[in-house]
Amino acid sequence: MAISNSGKGMTSKEIRESFKNFFASKGHKIVPSAPMVVKNDPTLMFTNAGMNQFKDIILGNTAPKYTRVCNSQKCLRVSGKHNDLEEVGHDTYHHTMFEMLGNWSFGDYFKKDAIEWAWEYLVDILKLDPKRLYATIFEGYAPEGLERDNEAAAIWGQFLPAERIINGNKHDNFWEMGDTGPCGPCSEIHIDLRSDEERAKVDGLSLVNQSDPQVIEIWNNVFMQFNRKADGSLEQLPNKHVDTGMGFERLCMAIQGKRSNYDTDVFQPILKEIGNYCNVTYGEDEKVDIAMRVIADHIRAISFSITDGQLPSNAKAGYVIRRILRRAVRYGYTFLGRRNAFLYKLVPALIDSMGSAYPELMAQQSLVEKVIKEEEESFLRTLETGIRLLDKSMAELKTSGKDTLSGKDMFTLYDTFGFPVDLTELILRENNLFADVDGFNKEMEQQKARARNAAAIETGDWVILKDQESEFVGYDFTECDAEILRYRKMAQKGKTFYQIVLDRTPFYGEMGGQVGDSGYLEAEGERIIIETAKKENNLTVHISSKMPTDPTQSFKAVIDKEKRQATSCNHSATHLLDEALREILGTHVEQKGSLVCPENLRFDFAHFQKVTNEELREVEKLVNSAIRRNIPLEENRHTPIAEARAMGAMALFGEKYGEDVRVIKFGNSIEFCGGTHVSSTGQIGSFRILSESSIAAGIRRIEATSGVKADELYYDMQDELRNIRGYFNNTPNLTQAIEKLVAENQENHKKLEAFAAEKSKDLKNELLKAAVEINGTKLISFEGEATAEAIKNIAFQLRGEVEGKLAFIAGSINENKPMLTIMFSDELVAAGLNAGTMIREAAKAIQGGGGGQPHFATAGGKDTTGLTNAVKEIIEKIKAALS
């Protein structure tokens with residue numbers, strides 16, 4: 001099976017480099033991969049295609065620095081339009097995290113060069129068998145007046161016979177960025193990887209785009225020539241672009257002559273490590289193979305996400321990563337018998353495979369391993385909890401004579417406790433019970449509908465008044481003259497607002513953890529409030545609830561200066577905090593996230609233990625010392641990135657940087673930063689740490705404030721201390737006075753406990769005297785005021801003291817709330833009495849609920865008037881059971 005005549009010996013690393021080298025020879029600039037976790041784009045959580053980092057160019061927001069670009073981009077597809085998660089592992093060619101090899105033209109070459117170079121690379125460079133290749137082209141779409149892409153077909157005709165140039169429909173061969181925006185026809189290249197014998201039996205033509213694992217798409221060439229407007233109509237783009245994407249893992253499969261992506265050297269080292277840890281061999285059992293593929297794929301997605309700054313969590317992108325990680329743990333738990341964390345041990349094998357191309361993996365290996373290990377251990381505990389809950393539900397089903405767990409209960413296990421639905425189904429089957437899958441799907445769809453409705457945004461077309469780039473002047477000015485370049489209407493949750501783009505703006509758009517400016521536009525006595533500004537695809541958009549009466553006039557754009565100053569104080573203080581932490585804790589400290597707003601600042605950083613109070617005090621002292629030294633700001637706005645690194649400037653993993661960067665320097669603090677800052681540290685005034693906590697394995701969080709807010713915090717603490725001292729007759733030694741009060745309180749508490757114990761003893765003795773004997777069973781009951789703890793103590797004391805059969809029933813009231821308690825001796829439990837079952841029924845009389853074990857159960861309620869009837873009901877049931 002000669003798929004490639006020269007490429008079989010190529011490693012994945014060599015294939016990746018050959019692609020870059022080929023397009024470099026065609027005048028392309030080789031650029032690094034953007035982070036997999038997307039920032040400053042409200043439509044995406046993750047990079048799901050190579051073109052994501054160039055959206056600002058494609059949308060016309062930014063002029064391209066290079067018109068020809070090439071790279072290998074790390075991508076993630078698990079949610080939204082490209083939801084491949086549930087297919088991963090079950091087939092051999094879908095992945096969560098994958099690499100996309102791509103070349104782009106921004107208003108430069110178009111279809112001819114793109115197609116000819118694709119053929120040259122695949123056939124002439126990699127020596128793929130041209131007889132195994134097929135091309136699809138757009139067949140046209142009459143309802144929109146779109147003709148067949150005859151231009152692309154004619155170019156392919158130079159290389160392929162007509163029968164292997166296949167017409168594709170709008171779904172497969174017309175690419176769109178979204179509901180609106182740039183779009184155009186695309187041409188896919190497919191390859192038939194089957195053996196010669198298989199190809200002789202079935203023509204590959206019939207298997208293209210039919211989900212055959214051996215006849216697959218490897219490269220897509222997108223030709224952006226239209227713009228989709230909000231009303232659905234199309235208009236020609238002024239500049240046509242080429243966006244191509246080739247699946248790296250699939251290309252490696254073709255070049256290395258394998259029948260599965262997982263058989264290539266991209267995945268084999270990881271699969272072998274999984275086999276070593278789990279004592280299994282890949283290729284011997286299909287269920288085991290699926291689990292190994294799931295884990296091998298998912299460890300890549302998880303590790304790259306963490307290195308790009310996205311930790312597993314319960315919200316947004318963090319929730320997606322947690323889902324992926326838990327899916328891997330679940331497959332290991334169910335099919336590989338893993339009951340202890342082990343995914344984190346696969347990270348070194350991943351680094352061996354991909355570390356040279358993505359050095360951020362090696363740089364953050366320790367952090368990645370710690371985060372994964374903690375998440376694994378947490379979810380393994382969740383699985384054990386879920387199994388106990390499911391055991392309880394199954395017992396209740398059998399007791400009630402039912403055989404199906406409701407969809408609602410299944411969804412509660414899944415949504416509240418994180419218990420996988422397919423594991424629920426498996427356990428139910430093992431116990432000869434059934435799952436209401438339809439009911440579960442209904443609950444799931446209702447939740448998704450709620451989420452869609454909450455997130456749905458109606459977006460209008462841009463109304464373009466002037467076609468030029470926007471300039472940010474906010475580093476130097478807090479107000480300026482401005483004109484509106486474009487605007488559009490938006491709607492979400494019934495609220496209408498507008499996005500406005502200015503030719504010049506002093507407004508800082510929310511980015512890099514710093515909140516956006518607010519302020520106003522003013523002209524001819526009309527003031528338009530700007531609620532906030534955001535950075536979207538490299539464009540500063542100003543958010544307002546209304547448009548000016550005349551959007552074509554000139555405006556004065558003015559920011560809220562107090563808000564800007566407070567925010568700048570906190571941002572500069574964040575830089576000083578970072579430097580102080582590295583000095584006190586060590587240079588291993590790395591920023592992992594931040595939030596800077598007028599009120600306070602939040603700083604997340606890598607550190608593997610709690611920061612002590614003494615260390616926090618030293619950090620605070622260092623920051624305030626830097627503030628008092630009034631260190632001037634040194635700003636370098638357009639520094640080549642290599643020069644910035646040579647200066648010692650700290651870059652953040654997971655951030656996308658251009659060739660030129662802005663460097664902010666306060667003394668020894670040197671960082672890449674696009675935010676706003678004070679002109680000297682003295683303007684910050686003062687700095688106070690509010691709290692320090694853990695947010696994930698190896699990640700700490702400090703919250704702090706500065707400037708006026710720090711002063712207000714000091715005044716509040718001073719006032720509170722003055723008030724507390726007032727309770728102690730303004731004693732000069734407040735600590736000593738409080739210690740004395742605590743000691744007296746502890747002594748009084750001991751006396752109260754002794755008094756309560758004596759009262760409980762007296763009550764217990766009275767109850768024993770009043771005990772009734774029924775068929776050899778002592779029946780003891782109580783009604784009255786008592787705490788839950790007192791009743792529980794009496795119940796267990798009686799159980800220990802009374803020999804033989806015992807039934808204790810109490811109806812108590814504490815703080816006007818009723819409570820029922822039942823205690824049975826072991827003999828009565830053995831005879832079939834169940835306190836938990838009995839109390840659930842009786843609790844209805846007090847409008848409550850409860851439960852417990854067969855020998856001891858309690859129930860609380862709302863209605864004290866039903867307590868007597870509840871006690872009587874329990875006693876009657878006990879008498880009936882004993883007769």
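These legends walk through several close-up views of a predicted model.

Local features are described where pLDDT is at least 70 and side-chain atom pairs where it is 80 or more, while totals for chains, interfaces and linings use all residues. Residues are numbered from 1 along each chain as its sequence is written, and side-chain values use heavy atoms, leaving out hydrogens and water.

**View 1. E188, a buried acid without a salt bridge.** Start in strand β7, residues 181-192, where E188 sits; strands here are DSSP runs of E with at least two residues, helices are runs of H or I with at least four, and both are numbered from the N terminus. E188 is buried, meaning under 20% relative accessible area with a 1.4 Å probe and protein chains only, whereas exposed is over 50% and partly exposed lies in between. The nearest side chain of opposite charge, R250, is 8.6 Å away; Lys and Arg count as positive and Asp and Glu as negative, with His and the chain ends not counted. A salt bridge needs a side-chain nitrogen of Lys or Arg within 4 Å of a carboxyl oxygen of Asp or Glu. Look instead for H190, whose side chain makes a polar contact with the side chain of E188 at 2.9 Å. Such a contact is a pair of N or O atoms within 3.5 Å; within protein, one must be able to donate a hydrogen and the other to accept it, and residues adjacent in sequence count only if both atoms are side-chain atoms.

**View 2. D517, tucked into a loop.** D517 is found between β17 (504-505) and β18 (519-523), and its relative accessible area of 4% makes it buried. A polar atom of the D517 side chain lies 2.7 Å from the backbone nitrogen of Y508. Beyond four places in sequence, D517 is in contact (heavy atoms within 4.5 Å) with residues including F507, E531 and R564.

**View 3. Helix α21 and its surroundings.** This helix has 36 residues, 734-769, and reaches 52 Å from its first C-alpha to its last, close to the 52 Å expected; the expected span is 1.5 Å times one less than the number of residues. At its start, a side-chain oxygen of N733 comes within 3.1 Å of the backbone nitrogen of Q736. L734, A737, S760, K764 and L767 are buried in α21, and their cover includes α20 (707-726) and β32 (805-814). K764 also meets E801 in a salt bridge, 2.7 Å from N to O. That pair links helix α21 with helix α22, 37 residues apart. E801 counts as partly exposed at 44% relative accessibility.

**View 4. Aromatic rings F19 and Y121.** The whole structure holds 26 aromatic pairs; rings of Phe, Tyr and Trp (its six-membered ring) pair if their centres lie within 6.5 Å, with planes under 30 degrees apart stacked, over 60 edge-to-face and the rest tilted. The F19 and Y121 centres are 5.6 Å apart and the planes are at 80°, so this pair is edge-to-face. It joins helix α1 (residues 12-24) to helix α3 (residues 111-125), and both residues are buried. Ring pairs also gather F19, F22, F23, Y121 and W219 into a cluster.

**View 5. A salt bridge between K74 and E360.** Among 46 salt bridges, this one spans 2.4 Å from N to O. K74 belongs to strand β2 (residues 68-76) and E360 to helix α12 (residues 360-363), 286 residues apart. Both K74 and E360 are buried.
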